[in-house]
Amino acid sequence: MQHIKVLPNYLAKRLERWRKTTFEDNREWYSHLAEHGQHPRAMFISCCDSRVDPVGMFEGEPGDFFLVRNVANLVPPYSPDRELHGTSAAIEYAVTVLGVSHIVILGHSGCGGVAACYEKCEGAGSKLDEDTSFISRWMDILTPGYERIKDIPGDRAERLQSLEHESIKVSLENLLTFPFVRDAVDNGRLAMHGAWTDIGSGELHAYDGSLDQFRPI
């Protein structure tokens, strides 16, 4: 594997600064985590967009949050088909092993994955039409959300934001197809939450399931 290179210099320099500052200032806490393991109260499923930082937004510390990031913060339906399911495996571990009390689906403004799904569903044509596109198959998860917003009034930007909201709602719906998630929710051990953040303004809108609305916090 001679083509594999060591870390780039800028990352190595950042690592050294982290060791001398953040790690050194919290060495005892890191030792505690290493010895006693992790016990996060919340799991975040967020987009892998580099502009979205759930740890920073909610002032998380090491050990606070169990994180999963994927394109468009999607949860696939429960599908025990012996294929490869990274997000589903993480959900299983969070609920059945770590016993998290909360799962938060965190979406965001300007989501490229959601926009790609929108264009595909609109028949605009793109590389997502190719059979070899992993993104295309992944974004099929959001197709039910597109069907709910495709005829709403408004321009493209408004429909895209509605579809970003749908990425959260579809994921919450799919979470409940996992038997161990449904059992934990029904028994009061687990609460599910949805939220959408505007990257430019820092606003956060939380999903109110009883009203089927996103409300600013």
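Before anything else, a quick definition: when I say helix, I mean a DSSP run of H or I at least four residues long, with numbers counted from the N terminus. I'll need that for α4, which covers residues 86-98 and is followed by glycine 99, whose phi is positive, near 65 degrees.

Please keep in mind that what you see above is a predicted model. Let me begin with the whole chain and then come back to α4.

The chain has 217 residues, and 35% of them are buried. Nine helices and six strands make up its list of elements. If you draw a box around the C-alpha atoms along the principal axes, it comes to roughly 55 × 50 × 40 Å. Now take the contacts in the chain with a separation of 6 or more: 65% of them are between residues 24 or more positions apart.

Now, what sits in the largest nonpolar core? That core has 22 residues, and Met43, Ile45, Ile91, Ile103, Ile105 and Leu175 are the ones that touch the most other members. Two or more residues each come from β1 (42-47), β2 (65-70), α4, β3 (102-108), α8 (156-175) and α9 (179-186). With five residues, α4 gives the largest share of this core.

Leucine 175 is a nice one to click on. Setting aside neighbours within four places in sequence, leucine 175 is in contact with Val75, Ile91, Ile103, Ile105, Val181 and Met192. Apart from this core lies another, with 16 residues, including Tyr118, Met139, Tyr146 and Val170.

Back to α4, as promised. Which of its residues are buried? They are Thr87, Ser88, Ala90, Ile91, Ala94, Val95 and Leu98. While you look at that list, here is a handy reminder: an α-helix has 3.6 residues a turn, so residues three or four places apart point the same way. As for what covers the buried residues of α4, the list includes β1, β2, β3, α6, α8 and α9.

On to the pockets, where α4 turns up again. How much space is in the largest pocket? About 440 Å³. Its lining has 14 residues, with Leu84, His85, Arg137, Trp138 and Ile141 lying nearest the centre. Both α4 and α6 (134-139) supply at least two residues of that lining. Sorted by class, the lining of the largest pocket has six nonpolar, five polar and three charged residues.

The second largest pocket has a volume of about 180 Å³. There, 13 residues form the lining, and nearest the centre are Tyr78, Ser79, Pro80, Ser88 and Phe178. You met Ser88 a moment ago, among the buried residues of α4. In fact α4 gives the most to the lining of this second largest pocket, with three residues. By class, the second largest pocket has six nonpolar, three polar and four charged lining residues.

Last topic: charges. Side chains of opposite charge can pair when their charged atoms come close. This structure holds 14 salt bridges, and I'd like to show you a few.

One of them pairs lysine 150 with glutamate 147, with the closest N and O atoms 2.8 Å apart. Are these two residues buried, exposed or in between? Lysine 150 has 34% relative accessibility, so it counts as partly exposed. Glutamate 147, at 42%, is partly exposed too.

The pair I'd linger on is arginine 148 with glutamate 166, where the closest N and O atoms are 2.6 Å apart. Arginine 148 lies in helix α7 (residues 143-149) and glutamate 166 in helix α8, and the pair links distant parts of the chain, 18 residues apart. Arginine 148 is partly exposed, with a relative accessible area of 39%. Glutamate 166 has 5% relative accessibility, and because buried means under 20%, it counts as buried.

Arginine 148 has another partner, glutamate 173, and here the closest N and O atoms are 3.4 Å apart. Glutamate 173 is in helix α8 and arginine 148 in helix α7, so this pair ties together parts 25 residues apart in sequence. At 40% relative accessibility, glutamate 173 counts as partly exposed. Through shared partners, salt bridges join Arg148, Glu166, Lys169, Glu173 and Asp212 into one network.

If you take one element away from today, let it be α4: it gives the largest share of the largest nonpolar core and the most to the lining of the second largest pocket. Thanks, everyone!

Notes: Residues numbered from 1 in each chain as written. Predicted model: local features only at pLDDT ≥ 70, side-chain atom pairs only at ≥ 80, totals over all residues. Heavy atoms only, no water. 1 Å grid on protein atoms, 1.4 Å probe; cavity = no way out; pocket = protein on both sides within 12 Å on 5 of 7 lines; lining within 4 Å. Points joined across faces, edges and corners; volume = space filled by probe spheres on them. Nonpolar A, V, L, I, M, F, W, Y, C, P; charged D, E, K, R; others polar. Core = buried A, V, L, I, M, F, W, Y, C linked by side-chain atoms within 4.5 Å. Buried < 20%, exposed > 50% of the residue type's maximum accessible area, 1.4 Å probe, protein only. Contact = heavy atoms within 4.5 Å. Salt bridge = Lys/Arg side-chain N within 4 Å of Asp/Glu carboxyl O.
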